[in-house]
Amino acid sequence: MAVTLKKMRSVLNGRPVRMRINENDDTIEIKGIDFFTEQEDVSPDYAYVIKGSDIQRRLDHKICFIIIEDQPLDEKYTGESSTNAILVDKAWSPETVIKRVRQLFEDQYRIGDSSIKILESCQKGYTIQQLLDLGYQLLGNPLLLVDVSLCFIAHSGGNNINNEPLWEWTLSKGYVNKEYAKSVMTDENQNEIDQGKEVLVIWETGLL
C-alpha cells in the first residue's frame with residue numbers, strides 16, 4: 001500500500017528539496033523505502049535514504065531521496081533534475097529514518113485492513129453495538145457513539161468511567177452526567193437482552 005510523499009515528509013519533519021518540475025508531493029505515491037547504494041537497481045516508486053556526505057555525483061535518478069544533511073549539500077549534485085528529495089536534520093540516522101517510514105507503511109496497511117473489515121461488517125448487517133465492539137477490537141481503545149446533538153447513544157470497551165480520558169472529556173463537557181454513565185455501565189436491561197428477552201423500552205433517565 002502506497003503513502004504520499006507529503007505524508008512521509010510530515011512524519012520525518014523534513015523539508016523538501018525540489019528537484020522535479022511541475023510535481024506536487026501530495027500526489028506522488030511511494031510504495032517502499034530502502035538504503036541507497038549505487039550497486040543496486042532502484043525502483044521508481046521507492047524512496048531511498050542517503051547521507052549528504054555520501055552523495056558523490058549528480059542525483060539524476062527519477063526517484064525520491066531522503067537526504068540526511070550531515071554536511072552542506074553541493075548544488076552540483078542536487079541541482080535541478082528529475083529527482084524528488086526530502087531533506088532531514090543531521091540528528092537523524094539512516095536506520096531511524098527507515099524505521100519511522102516503515103512504521104508509516106504498517107499504519108497505512110492497518111488502516112486499510114480495518115476499513116475493509118468495517119465495510120464488510122456493514123454489508124453483513126452488523127448492529128450499532130456490534131460495529132462499536134469491532135471498533136474497540138481494532139483500535140484497542142474505548143469508544144463512544146453520539147448523535148449530531150452529542151447525545152450519548154452507546155459505548156464499547158470497558159465498564160469504568162474513572163481514569164478513562166474519553167469518558168472524562170465527555171463528562172467535563174456536560175454531554176452526559178456521571179450517574180447516567182454509571183447506569184449505562186450497569187444496565188440491567190442489557191442482561192435481559194443478552195438472555196434473549198424482548199425489551200420494548202429502555203428508559204434513559206440520565207438524559208431527561
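The points below go through the sheet, a helix, a pocket and a few single residues of this predicted model.

1. The sheet as a whole. Five strands form an open sheet in the order β2-β7-β6-β5-β4, and the pairing within the sheet is mixed. The two edges are taken by β2 (15-17) and β4 (32-35), each of which pairs on one side only. Averaged over neighbouring strands, and with direction ignored, the turn of one strand against the next is 30 degrees. As background, the strands of a sheet are held in pairs through backbone hydrogen bonds, in either a parallel or an antiparallel sense.

2. From the β4 edge inwards. Strands β4 and β5 are parallel and are paired over four bridges, and within this pair glycine 32 has tyrosine 46 of β5 as its bridge partner. Continuing along the sheet, β5 and β6 also pair in the parallel sense, here over five bridges, with tyrosine 48 matched to phenylalanine 65 in β6.

3. The β6 and β7 pair. Strand β6 (residues 64-69) has five of its six residues buried, so the rest of the structure largely encloses this strand. Strand β7 (residues 84-89) runs parallel to β6 and is joined to β6 by six bridges. Two of the residue matches can be followed by eye: phenylalanine 65 stands opposite alanine 85 in β7, while isoleucine 68 has valine 88 of β7 as its bridge partner. Strand β7 is itself mostly covered, with five of its six residues buried.

4. The antiparallel edge. At the β2 side of the sheet the sense of pairing needs separate attention, since β2 and β7 are antiparallel and pair over three bridges. In this pair, proline 16 stands opposite isoleucine 86 in β7.

5. Helix α3. How does the end-to-end distance of helix α3 (residues 94-123) agree with the span that its 30 residues should have? At 1.5 Å a residue the helix should span 44 Å, and the C-alpha atoms at its ends are 44 Å apart, so the two values agree. The buried residues in α3 are Pro94, Val97, Ile98, Val101, Leu104, Phe105, Gly112, Ser114 and Ser121. After the helix comes glycine 125, which has a positive phi, near 80 degrees.

6. The second largest pocket. The space in this pocket amounts to about 200 Å³. It is lined by 13 residues, and those closest to its centre are Phe36, Thr37, Glu38, Ile50 and Asp54. Strand β5 (residues 46-51) supplies the largest share of the lining, namely three residues. Sorted by class, the lining consists of seven nonpolar, two polar and four charged residues. For a reader who wishes to revisit the pocket, it is worth recalling that rolling a probe the size of a water molecule over the atoms shows where empty space is left.

7. Asparagine 13. This residue lies in the loop between α1 (5-12) and β2, and its phi is near 50 degrees, which is a positive value in a residue other than glycine. The general expectation is that most residues other than glycine have a negative phi. Is asparagine 13 buried or exposed? Its relative accessible area is 68%, and the residue is therefore exposed, the cut-off for that class being over 50%.

8. Serine 43. The loop between β4 and β5 contains serine 43, which counts as partly exposed because its relative accessibility is 21% and the buried class requires a value under 20%. Between serine 43 and histidine 61 there are 9.6 Å in space, C-alpha to C-alpha, although the two are 18 residues apart in sequence.

9. Threonine 170. Helix α5 (residues 165-172) includes threonine 170, and with a relative accessible area of 4% this threonine is buried, as the value is under 20%. Its C-alpha atom is separated by 9.8 Å from that of alanine 181, a residue 11 positions away along the chain.

Conventions
Residues numbered from 1 in each chain as written. Predicted model: local features only at pLDDT ≥ 70, side-chain atom pairs only at ≥ 80, totals over all residues. Heavy atoms only, no water. 1 Å grid on protein atoms, 1.4 Å probe; cavity = no way out; pocket = protein on both sides within 12 Å on 5 of 7 lines; lining within 4 Å. Points joined across faces, edges and corners; volume = space filled by probe spheres on them. Nonpolar A, V, L, I, M, F, W, Y, C, P; charged D, E, K, R; others polar. Expected span 1.5 Å × (residues − 1). Buried < 20%, exposed > 50% of the residue type's maximum accessible area, 1.4 Å probe, protein only. Pairing = 2+ DSSP bridges. Axes fitted to C-alpha atoms, helices over the stretch in contact; angles between N-to-C directions.
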